[in-house]
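The paragraphs that follow walk through a single protein model, beginning with its strands and ending with a few unusual backbone positions. It may help to keep the structure turned towards you while reading.

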Amino acid sequence: MIKFVPLFLWLTIVLTSVGCGGGLAKVDVARVITSGRDGWQHPERVMEVLDLRPGDRVAEIGAGSGYWIARLAEAVGPTGRVYAVEVEPGLVGALEEWVAHEGFDNVEVVYGAYDDPGLPDGAIDVAMTCLTYHHIEDRVVYFRRLHADLSPGARIVHLDDRPDAPAPISWFQSSGHWTEPALIASEMREAGYVRVAAYDFLPAQSFQVFALEDASPDTFGASR
Ligand SMILES: C[S@@+](CC[C@H](N)C(=O)[O-])C[C@H]1O[C@@H](n2cnc3c(N)ncnc32)[C@H](O)[C@@H]1O
């Protein structure tokens, strides 16, 4: 037993002293190890930045197993709507079951196509992707098509892995499953959007916010 004391002490020192600075340069190793995804995803801070309001209509394109859905549903409340878009039939079924089980009346699971999310016209205030941007093919065409689904003043939010994530995050990233932040920005520009904000507090991901190029300053973010 006694021989484990130095190891325990060493681990304690390492886990409590490495990092904790802001931004990408340093990572709170202890938080990453003990909190799983929440340790590097910082969902509360992301939700704070999204600043969703009751009644907002939000789409998550590539909802996966629904990591963001409960948070989005809570933020927009009973008068809002969350569209959980998925293209994998198995995940669509699992999301539908989970949404019904949890009783999320304001969440609609959408079985989207790979080249079209299948959202209602003009109805989306915030469209979000997380770890999905790099999966989408012909992204310029895809996000140009999305114009029709957006409300005036809509925001499009992309969180995607970044290739320059520091350890220990980088140990868990799948090689190639990311997009250079500058590439996201240039493709979105080509698709008719302007970047209105970018945040660097996520150690694993870039976090960029876009609006329609022709959205006037009065309409952008009109609901906030
Ligand atoms: C890595 S998962 C991310 C899931 C979720 N956004 C999260 O943060 O946990 C990427 C998801 O995007 C979906 N996907 C891939 N291509 C897509 C497309 N063109 N449209 C919508 N979803 C897509 C995949 O089926 C997968 O569930």
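Two strands are taken to pair when DSSP finds at least two bridges between them, and the strands themselves, like the helices, are DSSP runs that are numbered from the N terminus. With that in hand, the model, which is a predicted one, can be read from its secondary structure outwards. The protein holds 9 helices and 7 strands, and of its 224 residues, 34% count as buried. Among contacts between residues at least 6 apart in sequence, 67% join residues that are at least 24 apart.

The strands are best approached through their sheet. It is an open sheet of 7 strands, with mixed pairing, and its order is S3-S2-S1-S4-S5-S7-S6. Its edges are formed by strand S3 (107-111) and by S6, each of which pairs on one side only. On average, and with direction ignored, neighbouring strands of this sheet are turned by 20 degrees against each other. As a general matter, strands of a sheet pair through backbone hydrogen bonds, and they may do so in parallel or antiparallel fashion.

Both kinds of pairing can be followed here. Strand S1 (residues 57-61) and strand S4 (residues 124-130) run parallel and are joined by 3 bridges; within this pair, Val58 has Val126 of S4 as its bridge partner. Strand S6 (residues 193-199) and strand S7 (residues 205-212), by contrast, run antiparallel and are joined by 6 bridges, with a hairpin of 5 residues leading from S6 to S7. In this second pair, Val194 stands opposite Ala211 in S7.

The same hairpin offers a residue to look at more closely, Ala198, which lies in strand S6. Leaving out residues up to four places away in sequence, Ala198 touches Phe207 and Gln208, and although Ala198 and Gln208 are 10 residues apart along the chain, their C-alpha atoms are separated by 4.4 Å. Is Ala198 buried, exposed or partly exposed? Ala198 counts as partly exposed because 14 other C-beta atoms lie within 10 Å. Across S6, S7 and strand S5 (150-161) lies helix H9 (residues 181-190), which runs at about 15 degrees to S7.

From this edge of the sheet, the path leads to the interior. In soluble globular proteins, nonpolar side chains tend to be buried together. The largest nonpolar core of this model has 47 residues, of which Ala59, Val82, Ala84 and Ala127 touch the most other members, and S4 gives the most to this core, with 5 residues. Apart from its neighbours within four places in sequence, Ala59 is in contact with Tyr83, Val85, Pro117, Leu119, Ile124, Ala127 and Met128.

Val76, which lies in helix H5 (residues 69-76), is another residue worth following. Val76 is buried, because 22 other C-beta atoms lie within 10 Å of its own, and the cut-off for a buried residue is 20 or more. Beyond its neighbours within four places in sequence, its contacts include Leu52, Pro54, Val58 and Val82. Val76 and Arg53 are 23 residues apart in sequence, yet 5.4 Å apart in space from C-alpha to C-alpha.

The ligand comes next. It is surrounded by 18 residues, and the closest of them are Gly62, Gly64, Tyr67, Cys130 and His135. The residues of this shell divide into 11 nonpolar, 5 polar and 2 charged.

A few places in the backbone remain. Most residues other than glycine have a negative phi, and most peptide bonds are trans. Asp51, in the loop between helix H4 (43-50) and S1, has a positive phi near 50 degrees, and this residue is partly exposed because 13 other C-beta atoms lie within 10 Å. Asp138 also has a positive phi, of about 45 degrees, although it is not a glycine; it is found in the loop between S4 and helix H7 (139-145). With 11 C-beta neighbours inside 10 Å, Asp138 counts as exposed, since the cut-off for that class is 12 or fewer. Finally, a cis peptide bond with omega of about 5 degrees joins Ala167 and Pro168, and Pro168 lies in the loop between S5 and helix H8 (169-172).

Conventions
Residues are numbered from 1 along each chain as its sequence is written. This is a predicted model: local features need pLDDT of at least 70, side-chain atom pairs count only at pLDDT 80 or more; totals for chains, interfaces and linings use all residues. A residue is near a molecule or strand if its C-beta atom, placed from the backbone, lies within 6 Å of it. Ala, Val, Leu, Ile, Met, Phe, Trp, Tyr, Cys and Pro count as nonpolar, Asp, Glu, Lys and Arg as charged, and the others, Gly among them, as polar. Helices (H or I, at least four residues) and strands (E, at least two) are DSSP runs, numbered from the N terminus. Axes are lines fitted to C-alpha atoms, for helices over the stretch in contact, and angles run from 0 to 180 degrees between N-to-C directions. Two residues are in contact if their C-beta atoms, placed from the backbone, lie within 7 Å. A nonpolar core is a set of buried Ala, Val, Leu, Ile, Met, Phe, Trp, Tyr and Cys residues joined through C-beta atoms within 7 Å.
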